[in-house]
Each structure stands twice: as structure tokens, then as C-alpha cells.
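Reader: I am new to this structure and would like a close look at a single part of it. Please choose one hairpin, follow it outwards into its surroundings, and then set a few other places beside it.

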Amino acid sequence: MKKIISLMCAWLTITVSAQTAKIVSEDLRYCESTYPYQEGILIANFGTSELNPLNSEGKGYIAYYKDGNTEVLIPADGNLSAPKGMFVRNDYLYVCDVNKIVVYHLTQKEEQPQVIMLPEGNLFVNDLAADGNYLYASVTNTDRIFRLNISNPAQPGEPEEWLQVSGPNGLLIRNGVMYVASYPADGITKAENVIYRIDNLSQPVTQKLTEITGQYDGIAFSSDGKSLIVTNWTPAQLSKIDLSNGRVSPMEIKLDQPLTGPADITVKDGFIYIPDLPNSRVVITKEPCCCQ
């Protein structure tokens with residue numbers, strides 16, 4: 001009986017009932033990233049007529065979702081074209097965009113946003129994660145991670161090259177350990193496109209957390225902190241990675257319209273917020289149960 005219960009629990013950890021999923025699409029247009037903010041979720045949108053993650057149209061905007069309602073928090077002002085990963089500190093919102101990071105003062109919206117340019121050619125600025133006074137930014141097309149000093153969030157320092165990693169996309173940091181989701185910028189999955197772990201940020205060395213390749217995008221901790229939840233474009237799915245042994249368990253989410261391009265996810269209060277970029281929607285589903 002104990003063995004049967006264990007097998008049932010293992011199945012439940014990777015299967016999400018269709019009844020738990022909710023679709024948010026109102027006021028969203030090519031949404032790439034989600035980020036927890038106050039009691040809700042920030043959603044970064046391209047706002048373009050066609051999907052182009054490197055466009056320069058200036059139609060990008062940030063929406064805010066809470067309690068079933070969506071509103072535009074940062075309207076298109078010409079500074080954002082393909083907003084992706086976000087980070088908030090002291091009411092300053094940092095947003096990844098093409099070749100730059102844009103900083104908005106959320107409580108003083110009349111202030112002009114700051115634009116932090118990265119070196120030429122670093123186009124696919126993708127995600128942000130902070131450790132102490134340093135903010136790290138991944139650039140997928142140049143295999144680089146940059147960092148900048150945000151000890152004063154209102155006056156961030158200049159970005160400096162920090163580390164080379166193959167196709168860095170999603171970033172995640174906890175207790176001085178960084179996790180990196182690797183995505184091939186050319187669309188061809190290689191042996192290097194895995195999930196990486198970096199234990200010492202002062203002397204960074206990458207090590208593979210898994211050997212399973214993919215086109216990994218979003219990355220978040222499970223609520224219990226024992227696993228990572230990551231998104232993959234090939235196949236389009238979520239997976240759970242046990243941090244104790246690196247075991248990867250695909251998560252089945254039953255939807256009338258399957259995921260096509262799950263991007264930069266958020267796990268908050270027992271729910272997973274999944275931006276399905278090509279379909280201009282966020283899928284909200286309960287986190288799988290954890291059995292001891």
C-alpha cells in the first residue's frame with residue numbers, strides 16, 4: 001500500500017488538472033514575462049501586430065493582473081519594444097529590452113525612465129536576478145551575463161560583463177546560488193542547452209544541474225524551495241527539477257489549446273503564472289502537490 005501511495009504521489013507531482021487552469025488574455029499582446037508585484041503580477045507585453053522578440057517599434061508595455069482584473073500599469077511610451085524579464089527594488093522597475101534595460105519609478109510615474117544600454121550586439125537581453133547590491137542580466141544571443149551595481153536603485157551603475165554561459169535565458173538566485181536556463185538563440189538545441197548552477201558568484205564556475213537538453217526559458221523555485229520549475233519550448237511544456245538529485249519530471253497541463261511558447265514564469269501563493277508568448281495569454285494553474 002505504501003508503494004502504491006508513493007507512486008500516486010509521484011504521478012500527482014507532474015500532472016495538473018485542466019480544472020485548475022485559468023486563462024488571462026484581456027489587454028495582453030505577446031506577453032513574454034511575469035513578475036510578482038504587491039498582491040498581483042506584472043506582465044510584460046510586446047504590443048506589436050506580429051511576434052518579433054527583437055523588434056524596435058516601441059509598442060511595449062507592462063500590464064498588472066490582480067484578482068481577475070488586468071490594467072495597463074506602464075503604457076507604451078516608446079522606450080519598450082520587446083520587454084522581457086523584470087525586477088523590482090524600492091519601487092524601481094527594471095525591464096529587459098532589446099540591447100538595453102529600462103528603469104521606471106513606479107511611485108513617481110511622471111519621472112522619465114532611465115535607459116541603460118548594453119554594449120553593441122547584445123540584443124537579446126532576457127532576464128534579471130539580484131544578489132545583494134548586484135543585478136545580473138542575461139543576454140541570450142551573445143552567451144553573456146552582465147551585472148550592474150544597484151546599491152542605489154535610483155542610480156544604477158554601468159553594466160559590466162560577468163560570465164559567459166551558453167544561451168543564458170532565465171535567471172534565478174537564492175542564498176548566493178544562481179540557476180541559469182539555457183536557450184539556443186539560433187533555435188537549434190545543442191548539448192550545452194541545459195539548466196546550470198553557479199555556487200560562488202564571486203568566483204563563478206558553471207556546472208550542469210541536468211543533462212537533459214532543451215530550449216529553456218523561464219525558471220522559478222517551487223513553493224517548498226526543494227525544486228525548480230522551468231519552461232521549455234521543445235517540447236512546449238513545464239518541468240520540475242529536484243534540486244537534491246537533478247531529476248527532471250515533465251508537468252502535464254491539460255488545456256483546450258496547448259501551450260506553444262511558455263516563457264518567463266512566476267510561482268506565487270501556490271499558483272504558476274505561465275506567459276504563453278505566441279498565444280498572447282497567461283495560463284494560471286495550481287502548483288502540483290508535493291508528497292513526502
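Author: In this predicted model, strands β24 and β25 form a hairpin with four residues between them, and within that turn S280 has a positive phi of about 50°. Strand β24 covers residues 271–276, while strand β25 covers residues 281–286, and the two run antiparallel, joined by six bridges. One of the places where this pairing can be followed residue by residue is D276, whose bridge partner in β25 is R281.

These two residues are also linked through their side chains, for R281 forms a salt bridge with D276 in which the closest N and O atoms are 2.9 Å apart. Are the two partners buried or exposed? R281 has a relative accessibility of 5% and counts as buried, and D276, with a relative accessible area of 0%, is buried as well; the cut-off behind both statements is that buried means under 20% relative accessible area. The covering of R281 fits what is found along its strand, since β25 is mostly covered, with five of its six residues buried.

The hairpin belongs to a wider arrangement, an open sheet of four strands in the order β2-β25-β24-β23, with antiparallel pairing. The edges of this sheet are taken by β2 and by β23 (266–268), and because each of them has a single partner strand, one side of each is left without a neighbour in the sheet. On average, neighbouring strands of this sheet are turned by 25° against each other, direction ignored.

Following the sheet from the hairpin towards one edge, strand β2 (residues 22–24) pairs with β25 in the antiparallel sense over three bridges, and K22 has I284 in β25 as its bridge partner. Towards the other edge, β23 pairs with β24, again in the antiparallel sense and over three bridges, and here V267 stands opposite I272 in β24.

A second sheet can be set beside this one. Four strands form an open sheet in the order β3-β4-β5-β6, and the pairing is antiparallel. Its edges are β3 (31–37) and β6 (69–74), each with a single partner strand, so one side of each is left without a neighbour in the sheet. The twist from one strand to the next averages 30°. Within this sheet, β3 and strand β4 (residues 40–45) are paired over six bridges in the antiparallel sense, and S33 stands opposite A44 in β4.

The salt bridge at the hairpin also has counterparts elsewhere, as a search of the whole structure finds eight salt bridges. Among them is the one that E57 forms with K59, the closest N and O atoms being 3.3 Å apart; E57 counts as partly exposed at 44% relative accessibility, and K59 is partly exposed too, with a relative accessible area of 39%. Another joins the side chains of R197 and D199, which meet at 2.4 Å, N to O. R197 is partly exposed, with a relative accessible area of 24%, and D199 counts as partly exposed at 37% relative accessibility.

R197 leads on to another place, strand β18 (residues 206–208), where T206 is found. Leaving out residues up to four places away in sequence, T206 touches L163, V165, Y196, R197 and I198. At 32% relative accessibility, T206 counts as partly exposed. T206 can also be related to V180, from which it is 26 residues apart in sequence and 9.1 Å apart in space, C-alpha to C-alpha.

A last place to examine is a loop residue, N99, which lies between β8 (92–97) and β9 (100–105). N99 is buried, with a relative accessible area of 13%. Which residues does N99 contact, leaving aside its neighbours within four places in sequence? N99 is in contact with I116, M117, L118, P119, E120, G121, N122, L123 and V125.

To return to the starting point, the hairpin of β24 and β25 has four residues between its strands, its strands are joined by six bridges, and R281 and D276 are bridge partners that also form a salt bridge.

Note on methods: Residues are numbered from 1 along each chain as its sequence is written. This is a predicted model: local features need pLDDT of at least 70, side-chain atom pairs count only at pLDDT 80 or more; totals for chains, interfaces and linings use all residues. Side-chain values use heavy atoms; hydrogens and water are left out. Two strands pair if DSSP finds at least two bridges between them. Axes are lines fitted to C-alpha atoms, for helices over the stretch in contact, and angles run from 0 to 180 degrees between N-to-C directions. Buried means under 20% relative accessible area, exposed over 50%, partly exposed in between (1.4 Å probe, protein chains only). Contact means heavy atoms within 4.5 Å. A salt bridge is a side-chain nitrogen of Lys or Arg within 4 Å of a carboxyl oxygen of Asp or Glu.
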